[in-house]
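This report describes a single protein chain, moving from its overall composition to selected elements and residues. The sequence and structure are shown first.

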Amino acid sequence: MRKAVALIGVAALGLTGCAPVIVYDQPGVTVAQLASDLERCALRARSIAPRDVQRERRTVEVIEYRYGVPRITYDRQWVDVDINAGLREESRLNCLEAAGYSLAQIPSCSTGRAGEITPATRQVAASETSCAAKISGVGPVILPGS
């Protein structure tokens with residue numbers, strides 16, 4: 001569970017464009033095998049912890065401005081919550097660890113590197129000189145050089 005929380009925190013930083021990319025590191029695996037393993041683990045996690053959305057009432061803080069002066073009020077709102085989301089992510093990460101993958105953080109590759117990747121391309125080990133190119137439908141793939 002701690003990995004999922006850390007992953008979410010780093011993913012939030014990634015939205016600003018200043019954080020490294022989180023990749024699944026297993027040197028020598030092909031892009032096709034990585035995609036297959038990711039899909040297999042996602043399906044397994046969904047079978048262990050299916051989507052279970054429940055409506056809950058939550059208190060939210062609302063800041064209203066009247067005549068330029070902020071006023072904080074509280075409101076109760078109905079929200080949809082998937083109570084199995086954390087368990088599903090933990091199951092997916094455990095499946096990937098069992099398949100030999102580990103999480104690593106590396107910088108993004110310069111634009112245009114994704115075009116040189118084919119399904120037979122093999123990942124290199126994550127290091128200070130490697131970089132990650134994002135591939136649609138797979139995610140980031142580790143490449144040599146920057």
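The chain exposes about 9300 Å², of which carbon and sulfur atoms supply 56%. The model is a predicted one. Of the 146 residues in the chain, 31% are buried. The secondary structure consists of three helices and six strands, and these follow one another along the sequence in the pattern α-β-α-β-β-α-β-β-β. Among the contacts in the chain with a separation of 6 or more, 61% are accounted for by residues 24 or more positions apart.

**Helix α2 and its cover**

Helix α2 comprises 18 residues, from 31 to 48. At 1.5 Å a residue the helix should span 26 Å, and the end C-alpha atoms are 26 Å apart, which agrees with that expectation. The buried residues of α2 are V31, L34, D37, L38, C41, A42 and A45. They cover an arc of only 130° around the axis, and therefore lie on the same side of α2. Which elements cover these buried residues of α2? The cover includes β1 (21-25), α3 (85-98) and β6 (139-143).

**R92 in helix α3**

One residue that touches this side of α2 can be followed in more detail. R92 is found in helix α3. Is R92 buried or exposed? With a relative accessible area of 16%, R92 is buried, because the cut-off for a buried residue is under 20%. Leaving aside residues up to four places away in sequence, R92 touches Y24, L38, C41, A42 and A45. Of these contacts, L38, C41, A42 and A45 are among the buried residues of α2.

R92 also forms a salt bridge with E89, with the closest N and O atoms 2.8 Å apart. Both partners lie in helix α3 and are three residues apart, about one turn of the helix. E89 has a relative accessibility of 21% and so counts as partly exposed.

**Salt bridges**

Side chains of opposite charge can pair when their charged atoms come close. Seven salt bridges are found in a search of the whole structure. Three of them, including the pair just described, are listed below.

| Salt bridge | Closest N to O distance |
|---|---|
| D80 and R55 | 2.8 Å |
| E64 and R71 | 2.9 Å |
| R92 and E89 | 2.8 Å |

In the first row, the side chains of D80 and R55 meet in a salt bridge. D80 lies in strand β3 and R55 in strand β2, so the pair ties together parts that are 25 residues apart in sequence. How far apart are the C-alpha atoms of D80 and R55? They are separated by 4.6 Å. D80 and R55 are both exposed; for D80 the relative accessibility is 51%. Apart from residues up to four places away in sequence, D80 touches V53, Q54 and R55.

The partners in the second row, E64 and R71, are both partly exposed: the relative accessibility of E64 is 26%, and the relative accessible area of R71 is 37%.

**The loop between β2 and β3**

Y67 lies in the loop between β2 and β3. Most residues other than glycine have a negative phi. Y67, although not a glycine, has a positive phi of about 55°. With a relative accessible area of 85%, Y67 is exposed.

**A nonpolar surface patch**

Strands β2 and β3 also contribute to the surface in another way. Which residues make the nonpolar surface patch? I63, Y65, I72 and Y74 make this patch, which has an area of about 500 Å². At least two residues of the patch are supplied by each of β2 (53-66) and β3 (69-82). One of the patch residues, I72, lies in strand β3. I72 counts as partly exposed, at 48% relative accessibility.

**Summary**

In this predicted model, the buried residues of α2 lie on the same side of the helix, with α3 included in their cover. R92 of α3 touches L38, C41, A42 and A45 and forms a salt bridge with E89. Strands β2 and β3 are linked by the salt bridge between D80 and R55, and each supplies at least two residues of the nonpolar patch.

Note on methods
Residues are numbered from 1 along each chain as its sequence is written. This is a predicted model: local features need pLDDT of at least 70, side-chain atom pairs count only at pLDDT 80 or more; totals for chains, interfaces and linings use all residues. Side-chain values use heavy atoms; hydrogens and water are left out. Helices (H or I, at least four residues) and strands (E, at least two) are DSSP runs, numbered from the N terminus. The expected span of a helix is 1.5 Å times one less than its number of residues. Buried means under 20% relative accessible area, exposed over 50%, partly exposed in between (1.4 Å probe, protein chains only). The arc is that of the directions from the helix axis to the C-beta atoms. Contact means heavy atoms within 4.5 Å. Patches are made of residues with over 30% relative accessible area and no salt bridge: like charges are joined within 9 Å, nonpolar side chains (Val, Leu, Ile, Met, Phe, Trp, Tyr) within 5 Å. Accessible areas come from the Shrake-Rupley method with a 1.4 Å probe; for residues, only the protein chains shown count as cover. A salt bridge is a side-chain nitrogen of Lys or Arg within 4 Å of a carboxyl oxygen of Asp or Glu.
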